[in-house]
Amino acid sequence: MRRRRLIGATIAALGAAAGSPARSQGKISGDVRFLCGFPPGGNADLLCRILAEALKPDVGQNVIVESKSGASGFIANETVANAAPDGRTIGLAAMAAMCVSPVMPGQKLPINVDTDLTPIASVASVPNILVFGKHVPFRGVPELIDQAKKNPGKFSYASAGNGTSQHLAGELFKTMASVNLLHVPYRGGAQAIQDIVAGNCDVMFGNLPEFLGQIGGGGLIPIAFGSPKGSPLFPGLPIIAQYLPGYEVVNWFAVFGPKGLPADLVGTWTKALRTAVMKPVVQKRFADNAMDGLTGSPADLKAMIVADRKKWADVIQSAGIRAD
């Protein structure tokens, strides 16, 4: 009897050292929760649903999108951070949550994004674009710079709020162009866009998808891309870097898991996400919705976070921005 117990204990110890069969093979056992921290119907929600559908054949499980919007995505991020590290909970996070919020003075976060989340892979980016209200009496980046220098503070740019990506893109432009544009923060991007269309504010830097409806209706005029490349939706539109070398604003999305997610499960998800993003049907849906697919390793994602965090920390410090 004692010998059988010793043998059983030895087998159990060896099994624990090697890990369970599912873990050692990096397999996901059971339905997956895919947390999205942004409202249903938005670009991030659409991105999650496109990926969820494409992931199922490779993961071998249902991937169910769960919306937990609010707090700039941190309600969902916190849910992911507190989940069991079994590969069955992943979440989408935006560049701002990983690179802006952690370095924003006065910002209180519910989690430490560096220690409470496990980077898995970047999946998509959204082109940044500068738009003018149709009431603005000129067109083009050189004209905006010229007129802003001649009339300091006369021309305004809108944002979805203090410290948002739109705000930082505008501050970066102001610094690099040595101009004074008046920042007008709103409580959300929709309100900002409406006021530009109404002629109460002049220009805005932001993600292309949020402007498509008003551009199509003639309420907003696309001027130039802030990202390093444009979009097939607007062929021939210039990039701001042609006039301000080095100007670059890219808003990206990446997938993260809980703290302590084992390396084999990280590898499973990285491979599955890369495969999903590269599928022709996913590439087409991304392009139709003004998104670009991204693929990369967890190390690539970590390096991108480090670089962007330093960049935006410098802009925040230079402009004296604090959280509301």
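**Chatting through a predicted chain**

Biologist: Which elements of the chain have the lowest and the highest mean pLDDT?

Modeller: Helix α2 (residues 21-24) has the lowest mean pLDDT among the elements, at 42, while strand β8 (residues 220-225) has the highest, at 98. Keep in mind that this is a predicted model, and pLDDT is the predictor's confidence in each residue.

Biologist: Okay, and what is the mean pLDDT of the chain?

Modeller: The chain has a mean pLDDT of 91, with 92% of its residues at 70 or more.

Biologist: Where does pLDDT stay under 50?

Modeller: That is residues 1-24. For those residues the model has seven contacts beyond four places in sequence.

Biologist: Let's zoom out. How many helices and strands does the chain have?

Modeller: There are 12 helices and 10 strands. The C-alpha atoms fill a box of roughly 95 × 40 × 30 Å along the principal axes. Of the 324 residues in the chain, 47% are buried.

Biologist: And what about contacts between residues at least 6 apart in sequence?

Modeller: Among those, 77% join residues at least 24 apart.

Biologist: Can you show me one residue? Where is Ala81 found?

Modeller: Ala81 sits in helix α4, which covers residues 74-81.

Biologist: Is Ala81 buried or exposed?

Modeller: Ala81 counts as buried because its relative accessibility is 11%, and the cut-off for buried is under 20%. Beyond its neighbours within four places in sequence, Ala81 is in contact with Ile111, Asp116, Leu117, Pro258 and Lys259. The C-alpha atom of Pro262, which is 181 residues away along the chain, is 14 Å from that of Ala81.

Biologist: New topic: how many disulfides does the structure hold?

Modeller: Zero.

Biologist: Why is there no bond from Cys36 to the closest cysteine sulfur?

Modeller: The closest sulfur to that of Cys36 belongs to Cys48, but it is 3.9 Å away, so it is too far for a bond. A pair of cysteine sulfur atoms has to be within 2.5 Å to count as a disulfide. Cys36 is also buried, with a relative accessible area of 0%.

Biologist: How far is Cys99 from the nearest cysteine sulfur?

Modeller: The nearest one is again in Cys48, 18 Å away, and Cys99 is in no disulfide. Cys99 is buried too, with a relative accessible area of 0%.

Biologist: Now the empty spaces. What is the volume of the largest pocket?

Modeller: About 1300 Å³. Its lining has 43 residues, and Phe38, Ser72, Ala160, Thr164 and Gln166 lie nearest the centre. By class, 21 are nonpolar, 19 polar and three charged.

Biologist: And how much space lies in the second largest pocket?

Modeller: About 320 Å³. It is lined by 18 residues, with Ser125, Pro228, Glu248, Val250 and Trp252 nearest its centre.

Biologist: Which element gives the most to the lining of the second largest pocket?

Modeller: That is α12, with four residues. The lining as a whole has nine nonpolar, four polar and five charged residues.

Biologist: How many cavities of 30 Å³ or more does a search of the whole structure find?

Modeller: One, and about 70 Å³ of space lies in it. Among the residues lining this cavity are Met95, Asn128, Phe205 and Trp312.

Biologist: What classes of residue does the cavity lining have?

Modeller: Six nonpolar, six polar and no charged residues. The elements that give two or more residues to this cavity lining are α7 (165-177), β7 (203-207) and β9 (250-258).

Note on methods. Residues are numbered from 1 along each chain as its sequence is written. This is a predicted model: local features need pLDDT of at least 70, side-chain atom pairs count only at pLDDT 80 or more; totals for chains, interfaces and linings use all residues. Side-chain values use heavy atoms; hydrogens and water are left out. pLDDT is the predictor's confidence in each residue, from 0 to 100. Contact means heavy atoms within 4.5 Å. Buried means under 20% relative accessible area, exposed over 50%, partly exposed in between (1.4 Å probe, protein chains only). On a 1 Å grid over the protein atoms alone, a cavity is a set of points where a 1.4 Å probe fits but cannot get out, and a pocket is an open set with protein on both sides within 12 Å along at least five of seven lines; lining residues have an atom within 4 Å of a point. Grid points are joined across faces, edges and corners, and a volume is the space filled by probe spheres set on the points. Ala, Val, Leu, Ile, Met, Phe, Trp, Tyr, Cys and Pro count as nonpolar, Asp, Glu, Lys and Arg as charged, and the others, Gly among them, as polar.
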